[in-house]
Amino acid sequence: MTTRPPTGSRSARDLERYAALFSTRTKVMKSSAMRDLMAVIARDDIISLAGGAPDMTVFPAEVMAKVMSQLAAEQSARALQYGPTEGLEDVKEAIIEVMAAEGTIGVDPQDILVTTGGQQVIDLFCRTLIDPGDVIIAEAPTYPGAVPCFGAYEADVVQVEMDSDGMRIDELEAVLDQLARENRRPKFIYTVPTFHNPAGVTMSLPRRKRLVEVAAERELLVLEDNPYGLLRYEGDPLPTLYSLDGGQFVVYLGTFSKIFAAGVRLGWAVAPGPVYHKLNIGKQAADLCSSPLSQLFVSTYFRTGEWPQLLSAFKERYHRRRDVMLDALAEFFGPEAVWTHPQGGLFLWATLPDFIDTTDLLARALEENVAFVPGRGAYLDGRGGSSMRLNFSYVSDEDIREGVRRIGAIVHEQVALYGTLTGTVVPSSPVADERPAPGGPDQALADVLHLPRRAGDGRRAGSSE
Ligand SMILES: Cc1ncc(COP(=O)(O)O)c(C=O)c1O
């Protein structure tokens, strides 16, 4: 028997031999920015503001033990058996309860497809709808984990700008008009309307209403990806797109990852009949069914009626950490940077001066044992180069502060270096608690979501003003 050489020691010839076997699709497949970072950020000495992981220390180990023992005692054979592709009725009850808690009521269990994480919904949706070259509309930036999926199905992704009220629907309509002139009909609009990953912004109610109208007028599908809707720390709850549309053109994506446990790998889609049917067939091919063990673990837990307390515990912790991060940014990033102020969720999006490339900055940050997701991972067209996504759910308050301090120090180092090289005046030190005010509506967009800066922007380090 031959032994397999370790992965790292493949020769060029080995690689060539495999290369001839790969599908054309693999040439456009991109790895996710976050997944690439996983190996590095798993190191104990790294402060990771890069992942999107919940803090599972919130979930008491004794509760897990109790629920697992109850499950083993009462439903062992069922939990260890295959299940139906569409999911067990038991877990669908929990899903209906979760959706109702956000105001989405009247969901028909028959429209729910239980999936292996919300991520599988994105994959199945692309598998079902996308032929190579088909158009998907997404936000700019978009969820970094969707990027490899869109790539794998060879979609042509058109990214629509956002501002602090979420996706700009006027721009969406202009994009749709332009595509119509080219005889191209997008297969779907992908959006994370609430506590956007990575942008940290939320789509306003008027825009939600208009988006749903646009979808109906043009008969376009919308995939509403909503992992964070229940993680609100301030402001008033907003209706889901799904509830506004009544399940006609909006397909809903939910997950237990952020409100219960990411390790159960359970999510769901709610879709109209014909779409549901195709998604179901796609899922049969992908994995037959999602783990019944996980599904029954979730449903057994939800039956205890304790999940609202668990949700409150997550919210309390993340709310505090969000504030710690906002304070740390004001203290350590100073006037060179701007960032979003999320009302919920797990992320915020910071944008640095154009001359700083956050992919390069990450290499420097890793030397200081701190990580973030560089902004390019959220675009399919190379934009996002001076932005970064920062996560505040996973590490302790102290580490958030220390991580931001380290990144801030590197940013100042880069700004000073740029100043020396170009002879421009730069601030000598971060200004505590001073967040630059937006210069006007257009500039607010640029600040929040990495649009090109206006000429003569006096707040930018290196500018002549
Ligand atoms: C916007 C968005 N969609 C989908 C997912 C996938 O989540 P999961 O597969 O854990 O349900 C995530 C995870 O972070 C996310 O942020």
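Me: Which residue just after α13 takes a positive phi?
Reply: G334 does, with a phi of about 65 degrees. This is a predicted model: local features need pLDDT of at least 70, side-chain atom pairs count only at pLDDT 80 or more, and totals for chains, interfaces and linings use all residues. Numbering starts from 1 along each chain as its sequence is written.

Me: What makes residues 307–332 count as a helix, α13?
Reply: A helix is a DSSP run of H or I with at least four residues, a strand a run of E with at least two, and both are numbered from the N terminus. α13 has 26 residues, so the length condition is met. By this count the protein chain holds 16 helices and 14 strands.

Me: How do you know that the span of α13 agrees with its length?
Reply: The expected span is 1.5 Å times one less than the number of residues. For α13 that gives 38 Å, and the end C-alpha atoms lie 37 Å apart, so the two agree.

Me: How does helix α6 fare by that rule?
Reply: Its 13 residues reach 19 Å from first C-alpha to last, close to the 18 Å expected.

Me: Why is α6 called mostly covered?
Reply: A residue is buried if 20 or more other C-beta atoms, placed from the backbone, lie within 10 Å of its own; 12 or fewer makes it exposed, and in between it is partly exposed. In α6, 12 of 13 residues are buried. Among them are G117, G118, Q119 and F125. Across the 465 residues of the protein chain, the buried share is 47%.

Me: Which elements do the buried residues of α13 pack against?
Reply: They pack against β10 (338–339), β11 (347–351), β14 (387–391) and α15 (397–422). A contact means C-beta atoms, placed from the backbone, within 7 Å. The buried residues of α13 include F314, Y318, R321, R322 and M325. An α-helix has 3.6 residues a turn, so residues three or four places apart point the same way.

Me: Which residues come nearest the ligand?
Reply: G117, G118, Q119, T255 and S257, out of 14 around the ligand. Near means a backbone-placed C-beta atom within 6 Å. Helix α6 (residues 117–129) gives the most to this shell, with 3 residues.

Me: How many residues in that shell are polar?
Reply: 9 are polar, 4 nonpolar and 1 charged. Ala, Val, Leu, Ile, Met, Phe, Trp, Tyr, Cys and Pro count as nonpolar, Asp, Glu, Lys and Arg as charged, and the others, Gly among them, as polar.

Me: Why do strands β3 and β4 count as a pair?
Reply: Pairing needs at least two DSSP bridges. β3 (residues 135–140) and β4 run parallel and share 6 bridges, so they pair. A140 has E161 as its bridge partner in β4. The chain crosses between these strands through helix α7 (residues 147–152), in a right-handed β-α-β crossover. Right-handed means that, with the strands pointing away from the viewer, the path from the first strand over the helix to the second runs clockwise.

Me: What makes β5 an edge strand?
Reply: β5 pairs on one side only, as does β2 (112–115). The open sheet has 8 strands in the order β2-β9-β8-β7-β6-β3-β4-β5, with mixed pairing. β4 and β5 (residues 166–167) pair antiparallel over 2 bridges, and M162 stands opposite M167. A hairpin through 2 residues joins β4 to β5.

Note on methods: Two residues are in contact if their C-beta atoms, placed from the backbone, lie within 7 Å.
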